[in-house]
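This briefing introduces a structure to a reader who has not met it before. Its topics are the packing of helices and the lining of a pocket.

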Amino acid sequence: MTELHPSIVALISLAANIASNHPKQGLCQVARLKEYGVAKEQIDSVIEIARHIRDEAAQSLDATFDADYDAGYAPAKPKIHADPFANIAVIQTGTCCTPTASGKACC
């Protein structure tokens, strides 16, 4: 098995530290990357990508939380009880009892 170059491991570790909000923030990895001669622009790219992933995950979690939280305060939907007379046929007598557009009787 081929091992990863230490600079790649440090870049991965830096990204993971930032994306996970690790308290040490990956500063140790930054020091190692400087020792390995990794360009500041490359480190900056990793930091930007890791922050983007972290922020995107936080926004997604916040949106899910907000939706669940709001649902807990939504007014309760009224319970509709079965109407025992709902299936009784209506006999039309005269012109006063015409059905609605959906077929419901008005009398």
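Helices α1 and α3 cross in a right-handed manner (the near helix is turned clockwise from the far one by less than a right angle; anticlockwise would be left-handed). The model is predicted, so local features need pLDDT of at least 70 and side-chain atom pairs pLDDT 80 or more, while totals for chains, interfaces and linings use all residues. Residues are numbered from 1 along each chain as its sequence is written, and side-chain values use heavy atoms, without hydrogens or water.

**Packing of α1 with α3**
- The axes of α1 and α3 lie 8 Å apart, at an angle of about 35° (axes are lines fitted to C-alpha atoms over the stretch in contact, with angles from 0 to 180 degrees between N-to-C directions).
- Contact, meaning heavy atoms within 4.5 Å, involves Leu 11, Leu 14, Ala 15, Ile 18 and Ala 19 of α1 and Ile 43, Val 46, Ile 47, Ala 50, Arg 51 and Arg 54 of α3.
- By class, these residues are nine nonpolar, no polar and two charged (Ala, Val, Leu, Ile, Met, Phe, Trp, Tyr, Cys and Pro count as nonpolar, Asp, Glu, Lys and Arg as charged, and the others, Gly among them, as polar).

**Packing of α1 with α2**
- Helix α1 (residues 6-19) and helix α2 (residues 27-35), which are DSSP runs of H or I with at least four residues, numbered from the N terminus, have axes that come within 9 Å and cross at roughly 155°.
- The two helices α1 and α2 are therefore roughly antiparallel (an angle over 145 degrees).
- Their crossing, that of α1 and α2, is left-handed.
- On the α2 side, the contact is made by Gln 29, Val 30 and Leu 33.

How values were computed. Parallel < 35°, antiparallel > 145°, perpendicular 65-115°, else oblique.
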